[in-house]
Amino acid sequence: MGQTHALSGALVWMAAVPVISQERLLGEHAVSLSPQQVLAGAVVCAGAAILPDIDHHNGRIANTFGPITKVMCKWIGKASGGHRMATHSILFAVVIGVIMDLLATHYVYAWWACLFMIVGLGLRGVGFDFEGKEPQSALADCALAGITVWLMHDLDMSFVGFAITLGCLAHVAGDCLTPRGCPVFWPLRWRVDVPLIPKTNGKVEKFVIAPLITLGVAILTIRSMLGDVAVDWLNRTG
């Protein structure tokens, strides 16, 4: 479900933060992140972890911003071959990550428009949204996403390629744990499935997977924030 996907994106991001700053591993592509960038990346990655469901006509994306996202998802679903097809693959994760990185670094206004949708998905996914009668709930979600994007607009977004790709891959990995699996190596049609979760939104997901992911996010967030505080304190006293 959308919330589990979003939380998994935040978890993967928090786990990856120490890795993507390593120049010996990534060379010139390594990025050193401030606490604000770490938190922003968590929201972006959470949103990206729902992004592959852009092919679902009645998923969390379709219901985020009212009729706009419903129509968009309907047509993307048709173009991609249906739900859990092209958008649920490594190729999609890499391509969309590269595109968003290019937008963030070279076409800032187009990036803000994309960021608005991704942030809206991330906030809605982790539970910061307004459910209720349309169009009031959709307008409220838009307002919350807009405020969040405005708070991010001065941040260096050089990390977004990592956040988007990691979020999409987290989604694909999660769906591979269900019986239907995903065409991970699309355009090859072979589906990968390791059905550890017998039913979407079933007891295993709700009472085992989701709580464990939430705990993991909390632990890694605390570790990341305390690490930065400790470094600042040592710099001041050293």
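Asp193 is partly exposed, with a relative accessible area of 37%. In this predicted model, that residue is placed in the loop between H8 and helix H9 (203-237). The loop brings Asp193 together with a stretch of residues from earlier in the chain: setting aside residues up to four places away in sequence, Asp193 touches Cys176, Thr178, Pro179, Arg180 and Gly181. With Gly181 the C-alpha to C-alpha distance is 4.1 Å, although the two are 12 residues apart in sequence.

Stepping back to the whole chain, there are nine helices and zero strands. Read along the sequence, that gives the pattern α-α-α-α-α-α-α-α-α. Of the 238 residues in the chain, 43% are buried. Contacts often reach a long way along the sequence, too: among those between residues at least 6 apart, 67% join residues at least 24 apart.

Much of the inside can be pictured through the largest nonpolar core, which has 44 residues. The members that touch the most other members are Trp13, Leu33, Trp111, Leu115, Met157, Phe159 and Ile164. The elements that give two or more residues to this core are helix H1 (2-20), helix H3 (35-48), helix H5 (90-106), H6, helix H7 (136-152) and helix H8 (160-175). Leu33 makes a handy example of how the pieces meet. Once its neighbours within four places in sequence are left aside, Leu33 is in contact with Trp13, Val17, Ile20, Val38 and Phe159.

Helix H8 deserves its own look. With 16 residues, H8 reaches 23 Å from its first C-alpha to its last, close to the 22 Å expected at 1.5 Å a residue. Its buried residues are Val160, Gly161, Ala163, Ile164, Thr165, Gly167, Cys168, Ala170, His171, Val172 and Asp175. The cover over these buried residues includes H1, H3, H5 and H6. Gly161 shows one such meeting up close. This glycine is in helix H8, and it counts as buried because its relative accessibility is 16%, while the cut-off is 20%. Beyond its neighbours within four places in sequence, Gly161 is in contact with Gly97 and Asp101. Met100 is 6.2 Å from Gly161, C-alpha to C-alpha, even though 61 residues separate them in sequence.

Helix H4 (residues 67-79) offers another case. It has 13 residues and reaches 19 Å from its first C-alpha to its last, close to the 18 Å expected at 1.5 Å a residue. Its buried residues are Thr69, Cys73 and Gly77. These cover an arc of only 65 degrees around the axis, so they sit on the same side of H4. An α-helix has 3.6 residues a turn, so residues three or four places apart point the same way. The face of H4 turned away from that buried side carries the exposed residues Pro67, Ile68, Trp75, Lys78 and Ala79. Two of the residues on this face also meet each other: the charged end of Lys78 sits over the ring of Trp75, 4.6 Å from its centre. After H4 comes Gly81, whose phi is positive, near 95 degrees.

Aromatic rings round off the picture. The structure holds three aromatic pairs. One of them joins Tyr109 and Trp112: the ring centres are 5.4 Å apart and the planes are at 90 degrees, so this pair is edge-to-face. Both residues lie in helix H6 (residues 108-125), three residues apart, which is about one turn of the helix. Tyr109 is exposed, with a relative accessible area of 64%, whereas Trp112 is partly exposed at 29%. Another pair is made by Phe185 and Trp190, with ring centres 5.9 Å apart and planes at 0 degrees, so that pair is stacked. Here Phe185 is partly exposed, with a relative accessible area of 42%, and Trp190 is exposed, with 58%.

Technical notes: Residues numbered from 1 in each chain as written. Predicted model: local features only at pLDDT ≥ 70, side-chain atom pairs only at ≥ 80, totals over all residues. Heavy atoms only, no water. Phe/Tyr/Trp six-rings, centres within 6.5 Å; stacked < 30°, edge-to-face > 60°. Helix = DSSP H or I, 4+ residues; strand = E, 2+ residues; numbered from the N terminus. Buried < 20%, exposed > 50% of the residue type's maximum accessible area, 1.4 Å probe, protein only. Lys NZ or Arg CZ within 6 Å of the ring centre and 35° of its normal. Expected span 1.5 Å × (residues − 1). Arc of directions from axis to C-beta. Core = buried A, V, L, I, M, F, W, Y, C linked by side-chain atoms within 4.5 Å. Contact = heavy atoms within 4.5 Å.
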